[in-house]
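Here are my notes for a first reading. Please keep the structure open and go through the points in turn.

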Amino acid sequence: MENSIIELKDIWVSYPDSQEKPLKSLFKKEKKKFWALKGINFDVKKGEVLGIVGRNGSGKSTLLKVLSGILLPDQGEYKVDGPKPVLLSLGAGFQPELSGVENIYLNGLLLGRSKAEIDKLLPEIIEFSELDHFVNKPVRTYSAGMKSRLAFSTAITLDPEILLIDEVLGVGDSSFREKCKKVIMEKIKEKRTVILISHSASLVKSLCDRVVWIHLGEQRDVGDTEEIVDKYETFMRGAKQK
């Protein structure tokens, strides 16, 4: 589509069915599959902030893994016109036995930054994370909030063109969340492309230009932020009453 930086056409992604007994599955020619995504179609324009909403287990995180290149779809077409999107998720790409600093270098190198570039940015990353001396301890000792600080600080300071955010803005104390939101707003003003997963309707409404609603792996709707979020919230209220 015209002016699109990302295009997804009929994306399907499956996982092995976890309910099938492993020994029994060894003797089957065709193993059972669980379809996490079923025919996803949408585009993202350069400089757009796109929200993705849906209840837990709907395939939102799987979709971000496809967008980041971590997962290849079983079928369908996925195109990115520009640099590889960077996934910002809790502990995404972190090696638990390495320290925070070592993981910063590892992630920076994977994003194509040189050691010299990371050396220069390291003090800024550590300062933004507010991890202080914990940045030298193994990531396996970190809380979820500490991992989110390290993930966000590393990704945002390395300054990707396309940023994929998976619930990180909902973790940690309120002051850090506000700081994260502020820097995201700065990236938005710089016309960076952002794709955001969040259960916070207010956050999605305040940041996103459009929203994709996914339910049980299927794309229920895509369009205006207010309209889609209101539809999703109405649906969720009805589901809770059943």
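1. Start with Asp-159. Its relative accessibility is 28%, so Asp-159 counts as partly exposed. Bear in mind that the model is predicted. Asp-159 forms a salt bridge with Arg-192, and the closest N and O atoms are 2.8 Å apart. Asp-159 lies in the loop between α5 and β6 (162-166), while Arg-192 lies in the loop between α6 and β7 (193-197), so the pair ties together parts that are 33 residues apart in sequence.

2. Is Arg-192 buried or exposed? Arg-192 counts as buried, because its relative accessibility is 15% and the cut-off for buried is under 20%. The salt bridge of point 1 therefore joins a partly exposed Asp-159 to a buried Arg-192.

3. Next, the pair Lys-205 and Glu-226. Their side chains meet in a salt bridge, at 3.6 Å from N to O. This pair links distant parts of the chain: Lys-205 sits in helix α7 (residues 201-207) and Glu-226 in helix α8 (residues 225-241), 21 residues apart. Lys-205 counts as partly exposed at 28% relative accessibility. Glu-226 counts as partly exposed at 42%. Which residues are joined into one network by salt bridges that share partners? They are Asp-159, Lys-187, Glu-190 and Arg-192.

4. How many salt bridges does a search of the whole structure find? The number is 17. One of them is formed by Lys-179 and Glu-130, with the closest N and O atoms 2.7 Å apart. Lys-179 is in helix α6 and Glu-130 is in the loop between α4 and α5, so this pair too links distant parts of the chain, 49 residues apart. Lys-179 is partly exposed, at 25% relative accessibility. Glu-130 is partly exposed as well, at 38%. Side chains of opposite charge can pair when their charged atoms come close.

5. Stay with helix α6 (residues 174-189), which also holds Phe-176. Phe-176 has a relative accessibility of 1% and counts as buried. What does Phe-176 touch, not counting residues up to four places away in sequence? The answer is Phe-128, Ser-129, Glu-130, Arg-149 and Ser-153. Glu-130 is thus a contact of Phe-176 and also the salt-bridge partner of Lys-179. Look at Ser-129 too. Its C-alpha atom is separated from that of Phe-176 by 8.7 Å, yet the two residues are 47 residues apart along the chain.

6. Move to helix α3 (residues 100-110). Its buried residues are Gly-100, Val-101, Asn-103, Ile-104, Tyr-105, Asn-107 and Gly-108. An α-helix has 3.6 residues a turn, so residues three or four places apart point the same way. Try reading the list of buried positions with that in mind. What covers the buried residues of α3? The cover includes α4 (115-129) and α5 (144-157). Just after α3, Gly-112 takes a positive phi of about 90 degrees.

7. Now look at the loop between β5 (86-89) and α3, which is the place of Ser-99. Ser-99 is buried, because its relative accessible area is 9% and buried means under 20%. Leaving aside neighbours within four places in sequence, Ser-99 is in contact with Val-135, Asn-136, Lys-137, Pro-138 and Val-139.

8. Last, the sheet. Three strands form an open sheet in the order β2-β1-β4, with antiparallel pairing. β2 and β4 are the edge strands, each pairing on one side only. From one strand to the next, the twist averages 20 degrees. Helix α2 (residues 60-68) packs on the sheet and touches β1, β2 and β4. The direction of α2 makes about 120 degrees with that of β1.

9. Check the pairings yourself. Strand β1 (residues 4-16) is joined to strand β2 (residues 33-45) by 10 bridges. Tyr-15 has Phe-34 in β2 as its bridge partner, and Glu-7 stands opposite Asp-43 in β2. β1 also pairs with strand β4 (residues 75-80), over five bridges. There, the bridge partner of Lys-9 is Glu-77. Strands of a sheet pair through backbone hydrogen bonds, either parallel or antiparallel.

Terms used:
Residues numbered from 1 in each chain as written. Predicted model: local features only at pLDDT ≥ 70, side-chain atom pairs only at ≥ 80, totals over all residues. Heavy atoms only, no water. Buried < 20%, exposed > 50% of the residue type's maximum accessible area, 1.4 Å probe, protein only. Helix = DSSP H or I, 4+ residues; strand = E, 2+ residues; numbered from the N terminus. Contact = heavy atoms within 4.5 Å. Pairing = 2+ DSSP bridges. Axes fitted to C-alpha atoms, helices over the stretch in contact; angles between N-to-C directions. Salt bridge = Lys/Arg side-chain N within 4 Å of Asp/Glu carboxyl O.
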